[in-house]
Amino acid sequence: MANSQVVSHTKITQIDFARAGEITPAMRIVAEKEGRAPEFIREGVAAGRIAIPANIHHTSLSPEGVGEGLRTKVNVNLGISGDLADEQVEWEKVDIAFELGAEAIMDLSNSGKTQSFRTRLIEKSPAMIGTVPMYDAIGYLEKALISITAEDFLDVVRRHAEDGVDFVTIHAGMNRRTIESFKETGRLMNVVSRGGSLIFAWMEATGNENPFYEYYDEVLDILHEHDVTISLGDAMRPGCNYDATDAGQISELIEIGKLTKRAWDAGVQVMVEGPGHMAIDEIAANMKLEKRLCHNAPFYVLGPLVTDIAPGYDHITAAIGGAVAASSGADFLCYVTPAEHLRLPDAHDVREGLVATKIAAHAADIAKGIPGARERDARMSDARRRMDWEEQFSLAIDSVRPRKVFESAPPENEGTCTMCGKMCAVRTVNKIMDGLVIDLDNE
């Protein structure tokens, strides 16, 4: 096990260079995107408050920063499923993610040989790419779960790193202590993390410690070699409001805090993954708790979903929670689609989920006072005052739907819409301000 001293090694990762006082090209790109000074970015990366997931093999990447003082980033999940293994549909989802400006895509493919899809995605994607190697282990290794060894798991992590993945979710915080807390206190929904459930099953079947925890230093060596950011997965995240902020979740978060420092000591950038279901009044406290226990590492949350009774609308329940979470300190939102809890999302679901999450992220950035966050809103308001519909569509988070809705019911009065027509308040006041006489009866 690594001690608390910083390990001496060749400078490879963004955090290596930042600690050496060097501003990398990726840091400069992030600084320009964020309207921040390059030194602000370097200091944040050096301290671990900011991560720039940027595998040295991902040559098509347009780097993004995740963390304190930066815009809230949004991730799209997609990937090939055993039940719906239609690769063409997944590429349609990729195109939507690019169109709407998702900063990250997680390839959660879990069926068959997934490397071909993953490598092509990395080759063409300007967005950062994340994976969960645990999902890929069974298909890649062609072994039953119980037959997989710790070295096998490390081999899968190594392959993803070599392929160019920018960040990997590793559920290393679910160790024997975490599981003991879970078993002693119980849960309504038990373990809902897919990767976490597989590790739990492996640990229970073999009697061994979590291999990602037991061989954590070896995992970090692999990630450092390729500058892969570790996203410390929350295997014990609550899967319903009833289980939120319980002993299992918090005991794992304490372990993740320790693992965060060990990763930084090894020169590996860190993000911490957070809860999936949580009542609104618990969200802000949970964001502060993560930042405190995990030393201000960037926080990546799924939702949280603020109620459990809206299947088919969980992009809304997640966007509500995501806006509260991000305005309270979360740095990275994973989208949730209307298909959550029901089926694999299709391309339409991806668009709905991504737009909802982008709205949540932007609303939070306004609340947090992120530089430039209000500018686009002000430009939209000016375009509305001038009744410039084309400019309004171009400024919208999703330019497709508003145009479609507007054109579906053409107004009689040019420049207005069918909501108010000639009684449009903006039109009326514009005329008055221009010194014109208003005569609604004869218009």
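This report describes the fold of a predicted model, from the whole chain down to single strands and one helix pair.

## Overall dimensions

The protein chain of this predicted model contains 19 helices and 10 strands. Its radius of gyration is 23 Å, close to the 22 Å that the globule rule gives for 443 residues, so the chain is as compact as a globular protein of that length. Taken along the principal axes, the box filled by the C-alpha atoms is roughly 85 × 45 × 40 Å.

Of the 443 residues in the protein chain, 53% are buried, and the accessible surface of the chain comes to about 19,000 Å², with 54% of that area belonging to carbon and sulfur atoms. Among the contacts with a separation of 6 or more, 72% are between residues 24 or more positions apart.

## The barrel

Eight strands close into a barrel, in which the order is β3-β4-β5-β6-β7-β8-β9-β10 and the pairing is parallel. From one strand to the next, the twist averages 25°.

Two of the pairings can be followed at the level of residues. Strand β4, which spans residues 104-107, runs parallel to strand β5, which spans residues 128-131, and four bridges join the two; within this pairing, Ile105 of β4 stands opposite Ile129 in β5. Further along the barrel order, strand β8 (residues 270-274) is joined to β9 by three bridges, again with the strands running parallel, and Val272 has Phe299 in β9 as its bridge partner.

## Side chains of strand β9

In a regular strand, the side chains alternate between the two faces of the sheet. Strand β9, made of residues 299-302, has Phe299 and Val301 pointing one way, while Tyr300 and Leu302 point the other way. Residues on both sides of β9 are buried, since this holds for all four that are named: Phe299, Tyr300, Val301 and Leu302.

## Packing of helices α5 and α7

Helix α5 (residues 115-124) packs against helix α7 (residues 150-163) at an angle of about 30°, and the axes of the two helices lie 10 Å apart. On the α5 side, the contact is made by Gln115, Arg118, Thr119 and Ile122, and on the α7 side by Arg159, His160 and Asp163. By character, the residues of this contact divide into one nonpolar, three polar and three charged.

Note on methods: Residues are numbered from 1 along each chain as its sequence is written. This is a predicted model: local features need pLDDT of at least 70, side-chain atom pairs count only at pLDDT 80 or more; totals for chains, interfaces and linings use all residues. Side-chain values use heavy atoms; hydrogens and water are left out. Two strands pair if DSSP finds at least two bridges between them. Axes are lines fitted to C-alpha atoms, for helices over the stretch in contact, and angles run from 0 to 180 degrees between N-to-C directions. The radius of gyration is taken over C-alpha atoms; the globule rule is 2.2 Å times the number of residues to the power 0.38. Buried means under 20% relative accessible area, exposed over 50%, partly exposed in between (1.4 Å probe, protein chains only). Contact means heavy atoms within 4.5 Å. Accessible areas come from the Shrake-Rupley method with a 1.4 Å probe; for residues, only the protein chains shown count as cover. Ala, Val, Leu, Ile, Met, Phe, Trp, Tyr, Cys and Pro count as nonpolar, Asp, Glu, Lys and Arg as charged, and the others, Gly among them, as polar.
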